[in-house]
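This report describes the architecture, pockets and selected residues of one protein chain. Please read it alongside the sequence and coordinates displayed below.

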Amino acid sequence: HPSAPSQPHSHSHTVSVRSMDWTAPVPASLLSEPWDVILAADCVFWPHLFRPLLATIEALCRVGWESNTHTTVLLAMTWRLRRGQAFVTVAEEMGWRMN
């Protein structure tokens, strides 16, 4: 059987969760430190909100770019009513690389 570690992990992690209105300016409090991960789920439905969503995510990522920190963006969406493909098209037009 595996032996238990002799000492507990000394790593400290903080998770921050924020809801956002991406049609409004990003609050300064969210631009004070780089983000390791941005997770957005079920945010892609209305085509007129695609560009504001992407601009908000880009503003949050830019904080990391200025300090040479990489931010991973995870965006979960469904492919309903062809809006997923429309979102990808807009993102690519704005310079995003979608995987």
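The second largest pocket of this predicted model has a volume of about 640 Å³. Its lining comprises 20 residues, and V73, W96, R97, M98 and N99 are the closest to its centre. Helix α1, strand β2 (72-76) and helix α2 each contribute at least two residues to that lining, with α1 giving the most, 5 residues. By class, the lining of the second largest pocket divides into 12 nonpolar, 6 polar and 2 charged residues.

The largest pocket has a volume of about 840 Å³. It is lined by 25 residues, and those nearest its centre are S16, V17, W35, V37 and I38. Here β1 and α1 each supply at least two lining residues, and β1 gives the most, with 5 residues. The lining of the largest pocket holds 16 nonpolar, 6 polar and 3 charged residues. Helix α1 thus appears in the lining of the largest pocket and also in that of the second largest.

**Overall architecture and confidence**

The protein contains 2 helices and 2 strands, which follow one another along the sequence in the pattern β-α-β-α. Of its 99 residues, 24% count as buried. Among contacts with a separation of 6 or more, 69% join residues 24 or more positions apart.

The mean pLDDT of the protein is 86, and 89% of the residues reach 70 or more. Among the elements, strand β1 (residues 37-41) has the lowest mean pLDDT, 91, while helix α2 (residues 83-93) has the highest, 93. Where pLDDT is low, the predicted coordinates should not be read in detail.

**Helix α1 and its buried residues**

Helix α1 covers residues 50-66. At 1.5 Å a residue, its 17 residues should span 24 Å, and the end C-alpha atoms are indeed 24 Å apart, so the expected and modelled spans agree. The buried residues of α1 are F50, L53, L54, T56, I57, A59, L60, C61, V63 and G64. These buried residues pack against β1, β2 and α2.

Is T56 buried or exposed? With a relative accessibility of 7%, T56 counts as buried, because this value lies under the 20% cut-off. Leaving aside residues up to four places away in sequence, T56 touches M20, W22 and V26. Just after α1, N68 takes a positive phi of about 60 degrees.

**Exposed residues and positive phi values**

Most residues other than glycine have a negative phi. Against that background, two loop residues deserve mention. D42, which is not a glycine, has a positive phi of about 55 degrees; this residue lies in the loop between β1 and α1. L81, likewise a residue other than glycine, has a positive phi near 55 degrees and is found in the loop between β2 and α2.

How exposed are these loop residues? D42 has a relative accessibility of 54% and counts as exposed, because that value is over 50%. L81 also counts as exposed, at 63% relative accessibility.

A further exposed position is V15, located in the segment before β1. Its relative accessible area is 73%, so V15 is classed as exposed. V15 and V37 are 22 residues apart in sequence, and their C-alpha atoms are 9.6 Å apart in space. V37 is also one of the residues nearest the centre of the largest pocket.

The accessibility values for the individual residues discussed above are collected here.

| Residue | Relative accessibility | Class |
|---|---|---|
| T56 | 7% | buried |
| D42 | 54% | exposed |
| L81 | 63% | exposed |
| V15 | 73% | exposed |

**Summary**

The predicted model has a β-α-β-α pattern, and the buried residues of helix α1 pack against β1, β2 and α2. The largest pocket, of about 840 Å³, takes the most lining residues from β1, whereas the second largest, of about 640 Å³, takes the most from α1.

Methods: Residues are numbered from 1 along each chain as its sequence is written. This is a predicted model: local features need pLDDT of at least 70, side-chain atom pairs count only at pLDDT 80 or more; totals for chains, interfaces and linings use all residues. Side-chain values use heavy atoms; hydrogens and water are left out. Helices (H or I, at least four residues) and strands (E, at least two) are DSSP runs, numbered from the N terminus. Buried means under 20% relative accessible area, exposed over 50%, partly exposed in between (1.4 Å probe, protein chains only). Contact means heavy atoms within 4.5 Å. pLDDT is the predictor's confidence in each residue, from 0 to 100. On a 1 Å grid over the protein atoms alone, a cavity is a set of points where a 1.4 Å probe fits but cannot get out, and a pocket is an open set with protein on both sides within 12 Å along at least five of seven lines; lining residues have an atom within 4 Å of a point. Grid points are joined across faces, edges and corners, and a volume is the space filled by probe spheres set on the points. Ala, Val, Leu, Ile, Met, Phe, Trp, Tyr, Cys and Pro count as nonpolar, Asp, Glu, Lys and Arg as charged, and the others, Gly among them, as polar. The expected span of a helix is 1.5 Å times one less than its number of residues.
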